[in-house]
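Colleague: I am new to this structure and should like to understand the reasoning behind the terms used for it. May I put some questions to you?

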Amino acid sequence: MMGQGRNAYASYCLSPVGLLPAPITKDIDMHYYKFNISDYRKDTVHLTPIEHYIYRSLIDWYYLDELPIPKETQSVMRRLCLGIESVSLLQNVLNDFFILSETGYIHKRINVEIDEYHGVIKKNTVNGSKGGRPVKPIPKRKKTQSVNSDNPSVSQNNPNYKLLTINQELLTNNKIHTHLAMLLDAGVENQIAKDWLSVRKSKRLPLTQTAFNAISKKITGAGLTINEGIKICVENGWAGFSAEWLTGTPELTTDKPFVHWWATEEATHQRCRQEGIEIISDLKQLRTNLNECIQTKKHNQKLNG
């Protein structure tokens, strides 16, 4: 078990025969660790629910014991309370996230964090034996002109200025991760989700849950999956979605199955020729130009109708 062989005597406890040294651990074992939800979701998006349970349990096990996962999968399955039907799932997780060594399955990132943790503990122990952290010398204050005292800096007026700036950056990053998680939960592919968030950011339209629910409803109402609909938005530079943008317009008609003008490059080129739009190599920009032309024409028809 973790922690064995690292005991030392550094305090005393009361016993029937008087004060005796009480054993404590010289190196404190890890009982918690940082968990980055965004990174975990990105790395484990392919896992099934039972594989998520296996991976999270192995992570906890690794941090607690600070030892590689045993090679013998039977003992691992026993500790995780897994049935024989989960052997392949366990092996999938081990192959995806761990490296097989002579001592067992190791996890490089966790090993680094454990080493860093014990390095901090060792440093604190040394400082404690010397009476605490070394006192930093107080620098001598230089005399300044009186004009400086009359015009204090922003940080002097607000000692929390730097802290507020850091918190604001963290808040912005958390919002980005929340928006991305919202799309991933709806089944949107990771790259498509990031591209669409960039489109909305360029138009200064932050993604809220209410807005996304409305867009999702329009996409599914058009007979598309959320991933298909968001992909169409990315390809056309749309921050939103409307079925009207895809219907009521002449499409590519051949002996092949029905194709929307935005579905293939050939269909887009043919529709551009119909509308008299110059064909350029940038397909994404070409579709944006074509869509603007179609929407302008529809708008003029409503005004004249």
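Colleague: Which helices each supply at least two residues of the lining of the second largest pocket?

Modeller: Please keep in mind that this is a predicted model. The helices are H1, H2 and H5, the last spanning 108-129. H5 gives the largest share of that lining, with 6 residues. The space in this pocket is about 570 Å³. It is lined by 20 residues, and those closest to its centre are Lys34, Phe35, Tyr63, Arg109 and Glu113.

Colleague: How do the residues of this lining divide into nonpolar, polar and charged?

Modeller: The lining of the second largest pocket holds 12 nonpolar, 2 polar and 6 charged residues.

Colleague: What makes Arg109 and Glu113 a salt bridge?

Modeller: A side-chain nitrogen of Lys or Arg must lie within 4 Å of a carboxyl oxygen of Asp or Glu. The N to O distance for Arg109 and Glu113 is 3.1 Å, so the pair meets the criterion. Both residues belong to helix H5 and are 4 residues apart, about one turn of the helix.

Colleague: Why are Arg109 and Glu113 called partly exposed?

Modeller: Partly exposed covers the range between the limits of 20% and 50% relative accessible area. Arg109 has 42% and Glu113 has 25%, so both are given that label.

Colleague: Why is the pair of Phe35 and Tyr40 called tilted?

Modeller: A search of the whole structure finds 6 aromatic pairs. In the pair of Phe35 and Tyr40, the ring centres are 5.2 Å apart and the planes stand at 45°. Stacked requires an angle under 30 degrees and edge-to-face one over 60, so this pair is tilted.

Colleague: Why, then, is the pair of Tyr40 and Tyr55 called stacked?

Modeller: The planes of Tyr40 and Tyr55 are at 15°, which is under 30 degrees, and the centres lie 6.0 Å apart, within the 6.5 Å limit; the pair is therefore stacked. This pair links distant parts of the chain, with Tyr40 in helix H1 (residues 37-43) and Tyr55 in helix H2 (residues 49-65), 15 residues apart. Ring pairs join Phe35, Tyr40, Tyr55, Tyr62, Phe97 and Phe98 into a cluster.

Colleague: Are Tyr40 and Tyr55 buried or exposed?

Modeller: Tyr40 has 13% relative accessibility and Tyr55 has 6%. Both values fall under 20%, so both residues count as buried. Phe35, at 34%, is partly exposed.

Colleague: How do you know that the charged end of Arg56 sits over the ring of Phe35?

Modeller: The charged end of Arg56 is 4.1 Å from the centre of the Phe35 ring, and the distance limit is 6 Å. Arg56 also lies over the face of Tyr40, at 5.7 Å from the ring centre.

Colleague: What joins Arg271, Glu275 and Lys297 into one network?

Modeller: Salt bridges that share partners do so. Arg271 and Glu275 meet at 3.0 Å, N to O, while the closest N and O atoms of Lys297 and Glu275 are 2.4 Å apart. Lys297 lies in helix H13 (residues 283-304) and Glu275 in helix H12, so their bridge ties together parts that are 22 residues apart in sequence.

Colleague: Which members of this network count as buried, and which as partly exposed?

Modeller: Arg271, at 4% relative accessibility, and Glu275, at 18%, are under the 20% limit and therefore buried. Lys297, at 37%, counts as partly exposed.

Notes: Residues are numbered from 1 along each chain as its sequence is written. This is a predicted model: local features need pLDDT of at least 70, side-chain atom pairs count only at pLDDT 80 or more; totals for chains, interfaces and linings use all residues. Side-chain values use heavy atoms; hydrogens and water are left out. Buried means under 20% relative accessible area, exposed over 50%, partly exposed in between (1.4 Å probe, protein chains only). A charge sits over a ring if NZ of Lys or CZ of Arg is within 6 Å of the ring centre and within 35 degrees of the ring normal. On a 1 Å grid over the protein atoms alone, a cavity is a set of points where a 1.4 Å probe fits but cannot get out, and a pocket is an open set with protein on both sides within 12 Å along at least five of seven lines; lining residues have an atom within 4 Å of a point. Grid points are joined across faces, edges and corners, and a volume is the space filled by probe spheres set on the points. Ala, Val, Leu, Ile, Met, Phe, Trp, Tyr, Cys and Pro count as nonpolar, Asp, Glu, Lys and Arg as charged, and the others, Gly among them, as polar.
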